[in-house]
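Subject: Handing over a structure

Dear colleague,

I am passing on a structure that you have not worked with before, and below it I have set down what was found. Please keep it open while you read.

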Amino acid sequence: MNSQYGLVFCPRSGKSEGNEQLLDKLFNTGFLGEPFSLQYEGQSKQQTGYLTGENFLKLITFLGCSPQLAVVPPNEYSQWHHFCHIEIQQHQSPRYYKGLKHSKCSCPQCQSRVSKVLPDLAQWSPGSLQLVCPKCQQKTLVEDLSWRHSAGFGSLFIIIHSIYPSEAVPSDRLMELLNSGPF
Ligand SMILES: [Zn+2]
């Protein structure tokens with residue numbers, strides 16, 4: 001089980017050797033910490049991921065009051081969903097990933113929320129699905145809607161678990177790193 005919500009980044013990448021380069025950079029700047037692998041009593045699946053790095057809090061900007069983040073793995077599995085950690089997902093082909101049960105997305109032209117008229121994205125592939133905005137009639141590929149880090153499309157995902165997508169944004173430095181391809 002993952003946490004119930006997370007902040008999702010999906011650098012537009014392609015080649016897997018580029019992903020390795022990016023992960024190295026994220027590690028060297030102190031965004032990513034050590035990898036972990038944990039087995040909780042009564043759980044068949046191992047929990048794996050990365051701890052937050054030493055500069056993690058400098059690379060993420062919180063929008064409200066400073067948060068109480070649990071950055072150490074909990075002793076009890078029942079506390080797992082509070083644990084702020086980083087998951088890296090790499091896939092062979094691009095796919096859709098959502099960090100919230102109900103993703104929030106809006107029309108890039110008129111900014112109105114279009115979550116309610118979203119097509120089913122389980123079978124998404126690049127360039128395959130368009131959405132017509134009910135308000136301004138603008139046609140947009142679903143991957144070009146404004147997702148505000150609540151979901152993403154790609155073959156590499158960097159997911160920060162237990163941070164609500166509207167609670168924080170990546171700092172300029174982090175965005176620079178994520179966009180510092182070519183990947
Ligand atoms: Zn619109």
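H85 is a convenient place to begin: it counts as buried because 25 C-beta neighbours lie inside 10 Å of its own C-beta. Please bear in mind throughout that this is a predicted model, so what follows describes that prediction. Although it is buried, H85 does not belong to a strand but sits in the loop between strand 4 (60–62) and strand 5. Once neighbours within four places in sequence are set aside, H85 is in contact with G49, Y50, L51, T52 and H161. The C-alpha atom of H85 also lies 8.3 Å from that of I159, although 74 residues separate the two along the chain.

The next residue to look at is I86, and its contacts, again leaving aside neighbours within four places in sequence, are with L32, G49, Y50, T52, I158, I159 and I160. Within strand 8, I160 is the bridge partner of I86. That pair can be read together with the wider pairing of strand 5 and strand 8, which run antiparallel and are joined by 9 bridges.

Strand 8 has a second partner in strand 1, with which it pairs in the antiparallel sense over 4 bridges. On that side, the residue standing opposite I158 of strand 8 is F9. How many residues of strand 8 are buried? The count is 11 of the 11, and therefore strand 8 is largely enclosed by the rest of the structure.

This leads on to the nonpolar core. The largest one has 32 residues, of which V8, F31, I86, F157, I159 and I160 touch the most other members. At least two residues of this core are supplied by each of strand 1 (6–9), helix 1 (16–28), helix 2 (56–59), strand 5, strand 8 (151–161) and helix 3 (172–178). Strand 8 gives the largest share of this core, with 7 residues. Seen by domain, the core draws at least three residues from domain 1 (6–92 + 148–178) and at least three from domain 2 (105–146).

As for the domains themselves, the chain is divided into domain 1, covering 6–92 + 148–178, and domain 2, covering 105–146. Their centres, taken over C-alpha atoms, are separated by 26 Å.

Now to a few residues with higher numbers than H85 and I86, beginning with V132, whose place is in strand 6. V132 counts as partly exposed because it has 13 C-beta neighbours inside 10 Å. Not counting residues up to four places away in sequence, V132 touches Q137 and K139. Between the C-alpha atoms of V132 and V142, which are 10 residues apart along the chain, the separation is 9.5 Å.

Q137, one of the residues that V132 touches, deserves a closer look for its backbone. Most residues other than glycine have a negative phi. Q137, however, has a positive phi of about 65° although it is not a glycine, and its place is in the loop between strand 6 and strand 7 (139–141). Is Q137 buried or exposed? It counts as exposed, because 10 C-beta neighbours lie inside 10 Å.

Q111 is another residue of this kind, with a positive phi of about 70° although it is not a glycine. Its place is in the loop between strand 5 (86–98) and strand 6 (130–132), and with 12 C-beta neighbours inside 10 Å, Q111 counts as exposed.

Finally, the chain as a whole may help you to place these details. It has 3 helices and 9 strands, and from the N terminus on its elements run β-α-β-β-α-β-β-β-β-β-β-α. The radius of gyration of the chain is 17 Å, close to the 16 Å that the globule rule gives for 183 residues, so the chain is as compact as a globular protein of that length. Along its principal axes the C-alpha trace spans about 50 × 35 × 35 Å. Of the 183 residues, 28% count as buried. Among the contacts with a separation of 6 or more, 70% are between residues 24 or more positions apart.

With best wishes

Technical notes. Residues numbered from 1 in each chain as written. Predicted model: local features only at pLDDT ≥ 70, side-chain atom pairs only at ≥ 80, totals over all residues. Buried ≥ 20, exposed ≤ 12 C-beta atoms within 10 Å, placed from the backbone. Domains from an automatic or database assignment. Core = buried A, V, L, I, M, F, W, Y, C linked by C-beta atoms within 7 Å. Contact = placed C-beta atoms within 7 Å. Pairing = 2+ DSSP bridges. Rg over C-alpha atoms; globule rule 2.2 N^0.38 Å.
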